[in-house]
Amino acid sequence: MNYYQILQVSKNATQEEIKQAYQNLVRKHHPDKNLENEGSEKFLEIDKAYKIIKDPALRKIYDSELFQKESSHLIIHNSVTKKDFTYDEEENIYYYECKCGSFYTIDNNDNSTSEDIILSCDECSLNILVKN
Ligand SMILES: [Zn+2]
């Protein structure tokens with residue numbers, strides 16, 4: 001499990017959301033309330049995850065490590081930038097044609113991310129890396 005999964009938040013969670021998730025989990029798993037060993041082990045895990053994710057600088061380092069780890073098992077067949085995508089005004093999405101004829105799409109509302117992202121084709125097993 002990665003730290004986000006341990007804290008039960010999304011990778012895009014705000015600091016406030018992360019704090020709330022942490023507090024909820026602490027309430028549930030605090031060793032004082034949970035006398036079984038499993039409880040305190042879980043608590044330590046949550047605490048460790050929170051120490052990294054609550055710190056913007058450490059979170060950034062962790063994010064890039066996680067990205068490397070998660071992308072290492074994927075076959076990246078192409079590396080493109082968002083400029084290579086075509087904007088579809090009607091659908092409000094950006095699309096890029098895959099080798100198989102299907103498309104990689106980016107939702108225009110999902111524009112907030114400033115990180116590199118990996119997209120999977122809707123049809124085949126290919127992935128592309130979209131550099132920011
Ligand atoms: Zn494809």
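## Secondary structure and overall shape

In this predicted model, the chain folds into 4 helices and 6 strands. Reading from the N terminus, the order is α-α-α-α-β-β-β-β-β-β. The radius of gyration is 19 Å, well over the 14 Å that the globule rule gives for 132 residues, so the chain is more spread out than a compact globule.

The dimensions of the C-alpha trace are worth having at hand as you turn the model: along the principal axes it spans about 55 × 30 × 25 Å. Of the 132 residues, 14% count as buried. Among contacts with a separation of 6 or more, 37% come from residues 24 or more positions apart.

## Two domains

The chain is divided into domain 1, residues 3-71, and domain 2, residues 75-131. Taken over C-alpha atoms, the centres of domain 1 and domain 2 are separated by 30 Å.

## Helix 2 and its two sides

Helix 2 is a good place to stop and look. It covers residues 15-29, and its 15 residues reach 21 Å from the first C-alpha to the last, close to the 21 Å expected at 1.5 Å a residue.

Which residues of helix 2 are buried? They are Ile-18, Ala-21, Tyr-22 and Leu-25. These four sit on the same side of helix 2, because they cover an arc of only 100 degrees around the axis. An α-helix has 3.6 residues a turn, so residues three or four places apart point the same way. On the other side of helix 2, Glu-16, Gln-23, Asn-24 and Arg-27 are exposed.

## The nonpolar cores

The buried residues of helix 2, namely Ile-18, Ala-21, Tyr-22 and Leu-25, also belong to the largest nonpolar core, which has 12 residues. Its other members are Tyr-3, Tyr-4, Leu-7, Val-9, Ile-46, Ala-49, Tyr-50 and Ile-53. Helix 1 (3-7), helix 2 and helix 3 (37-53) each supply at least two residues of this core. A second, separate core has 5 residues, including Tyr-104, Cys-121, Ile-128 and Val-130.

Val-9 gives a local view of the largest core. Leaving aside neighbours within four places in sequence, Val-9 is in contact with Tyr-4, Glu-17, Ile-18 and Ala-21. In soluble globular proteins, nonpolar side chains tend to be buried together.

## A look at Ser-64

Ser-64 is found in helix 4, residues 56-72. Is Ser-64 buried or exposed? With 12 other C-beta atoms within 10 Å, Ser-64 is exposed. Ser-64 and Gln-5 are 59 residues apart along the chain, and 16 Å separates their C-alpha atoms.

Note on methods: Residues numbered from 1 in each chain as written. Predicted model: local features only at pLDDT ≥ 70, side-chain atom pairs only at ≥ 80, totals over all residues. Domains from an automatic or database assignment. Expected span 1.5 Å × (residues − 1). Buried ≥ 20, exposed ≤ 12 C-beta atoms within 10 Å, placed from the backbone. Arc of directions from axis to C-beta. Rg over C-alpha atoms; globule rule 2.2 N^0.38 Å. Contact = placed C-beta atoms within 7 Å. Core = buried A, V, L, I, M, F, W, Y, C linked by C-beta atoms within 7 Å.
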